[in-house]
Every structure is written in structure tokens, then in C-alpha cells.
Amino acid sequence: MSEPLHDTWRSREALLLAKAVGVASPADAIVHKVQSLLQIANTFEPPVSPFRIAKYRNVSKILISDLAYDAILEPLADGFLMRLNRNRSLYRRRFSCAHELGHTFFYEMFPERGALAEDISELFDQRQEEERLCNIAARELLLPRSMVLSRILDSSINLETVMATARVFDASYPATALRLIELFEWKCALIVWDVTVDDTTKELVPRVSWSASRLGFIPPHPAKAPRSWIPIIVRALDNPGVPTGITECAGSFGGLKTPIAIDSLCINYQEGYNRRRTYLLSLAIPG
Ligand SMILES: [Zn+2]
């Protein structure tokens, strides 16, 4: 899925939230809610723990359970019970928890709702505006605007900045990259690749998992990498955990005509007990 950075909202949930806060934009409204929550919870330093803050949203208990989905939020007579999936990485559980805290603001407006079970594997699914708003809430909670802007003194567009910021905020690289693009208005595209090996040809097949762009193009989803990108992607895969360095590359992707530089990073991590995942993060920067 691609993440549009524009702001058009139509759903009843989104518009009611904006009205309740007294601002025009539902995105501004949910950010305002989260900023107030951080104040109430006396949280002014990273990393922010969504698990500790949950009690300030009336979540009386968080259970780490075997689930068929990422998270479930169950309304009780006097608050919420949250369950998070044991077989997800800590980053994913932190994001799920923060995202579910976003939903608690909507329960305030629609108290008749039942339990909400969901899979956020498509983190940037645009189908429902409330889901987008809860992702915005999660980003504001885990990478608060004021904390990022005051602590990141060198905001050069590269993956070193992404990694340094992610360490301070205990956030995943993709979530951090998306946040830096948003807050510092980085003129670049972020592409997250799932890399597989073709059974027949044994060739690497990097496909776009999701992307975000401020370059006036969004890579199609799912899309194979253009041939000129393959050597850069292969080099990133051979050097996991270390950015490959920016390499000049003709901009043949998604109709982009100008030359671009690509900075890529391979990420291997353990998800759950027996599942390893590999993906690749790329920043495409106009040359
Ligand atoms: Zn949700």
C-alpha cells in the first residue's frame, strides 16, 4: 500500500473527531489528542512506552497472548482489556499498542462499539480513515513531533539519520523513516521491499511492499525493481544492517525522469519464535 501525504477526510469518525477537538483536520485532531495524553502521562523523554501510557487511556490490562491477529481491544464495563500477539516483534507490539490507544479516542465517541480485533500487517492500509488516524496516533506517540525535532540535530536525508533516530526512540526503521520524511519534509521516496528468490530462475525478485513519496511519483504496488536497481539491492542484501552508501542510479522508476541516488539497508530480524524476516529499506533521493 502507498501512503498519501495529502489530507482529505470524509468518514463520519474522522469528521466527528475533528469537530470534538475543534480543529479543521482530523489528522491534527488525533495529534492533539496524543500530545495531551503524553502530557497527562508525564512523558517528555524518548523512548516512549505505550504499555506504560495505556493506563491513562483506561486500559486496565495488557495481555501478551497467542492470537490469530496482531491485537484486540475489548471494552469492559469500566475500561479496556488489550491483547497483543506474542509472536510479533517488540517493535510491532509497541506499534500495535500505540495504534490501539488511538482507537480508544473513537470509543469515547462511539461507546456502543464491541471488541475490535485486527491485523495491522498492512500498516498503511488506506481503506478506513480511522485506521489511518490510528496510525498517525501511533507515530505521534512513539515518535512525538516535539521530541524528534528537538533531538535530531543533523537531519541529513540518509539512512544513518534513520538508524540513529530509531535507536533513540526504540522504533522500527521503516516507521522512523516515514516520520522523518513527514517532519523534516525530506524530498525523497521511501520504499520497503520484500525480497524473494524466483524458484525457476533463482533470480532475486525485489517487490515493493509499501512506499511513501514526496517526489511526485509513487512506485506501483506490487512492483518489481527496475533492472538498474538490482545491483544496489544485491549489495544491501550482502551487507545486512549497514547502509550500502548512496549510489547514482538513472531514474527509471515509476516514470521519474531525473537522476536519483539510492541508499539501501537490509534488515533481518526475528519475528516470533521461529520466523525470520528479511526486508530492504530504500531511500530514493533526487541527484
Ligand atoms: Zn486499527
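Author: Two residues count as being in contact when their C-beta atoms, placed from the backbone, lie within 7 Å. Keep in mind that this is a predicted model.

Reader: OK, so which residues does Ile30 touch, leaving out those up to four places away in sequence?
Author: Ile30 belongs to the largest nonpolar core, and it's among the four residues there that touch the most other members. Skip its sequence neighbours up to four places away, and the list is Leu17, Gly102, Phe105, Leu133, Ile136 and Ala137.

Reader: Which helix gives the most to that core?
Author: The core in question has 67 residues, with Ala137 and Leu142 among those touching the most other members. It draws at least three residues from each of domain 1 (2-142) and domain 2 (149-286). The top contributor, with seven residues, is helix α5 (residues 129-142).

Reader: Switching to the open sheet of four strands: which strands stand at its edges?
Author: The order is β2-β4-β3-β5, with mixed pairing. A strand with a single partner has one side left without a neighbour in the sheet, so the edges are β2 (59-65) and β5 (116-118).

Reader: And what stands opposite Glu74 in β4?
Author: Strand β3 covers residues 71-76 and strand β4 covers residues 79-85. They pair in the antiparallel sense over six bridges. Opposite Glu74 you'll find Leu81.

Reader: Which helix lies across β2, β3, β4 and β5?
Author: Neighbouring strands of this sheet are turned by 10° against each other on average, direction ignored. The helix runs at about 155° to β4 and spans residues 90-109: that's α4.

Terms used: Residues numbered from 1 in each chain as written. Predicted model: local features only at pLDDT ≥ 70, side-chain atom pairs only at ≥ 80, totals over all residues. Core = buried A, V, L, I, M, F, W, Y, C linked by C-beta atoms within 7 Å. Buried ≥ 20, exposed ≤ 12 C-beta atoms within 10 Å, placed from the backbone. Helix = DSSP H or I, 4+ residues; strand = E, 2+ residues; numbered from the N terminus. Domains from an automatic or database assignment. Pairing = 2+ DSSP bridges. Axes fitted to C-alpha atoms, helices over the stretch in contact; angles between N-to-C directions.
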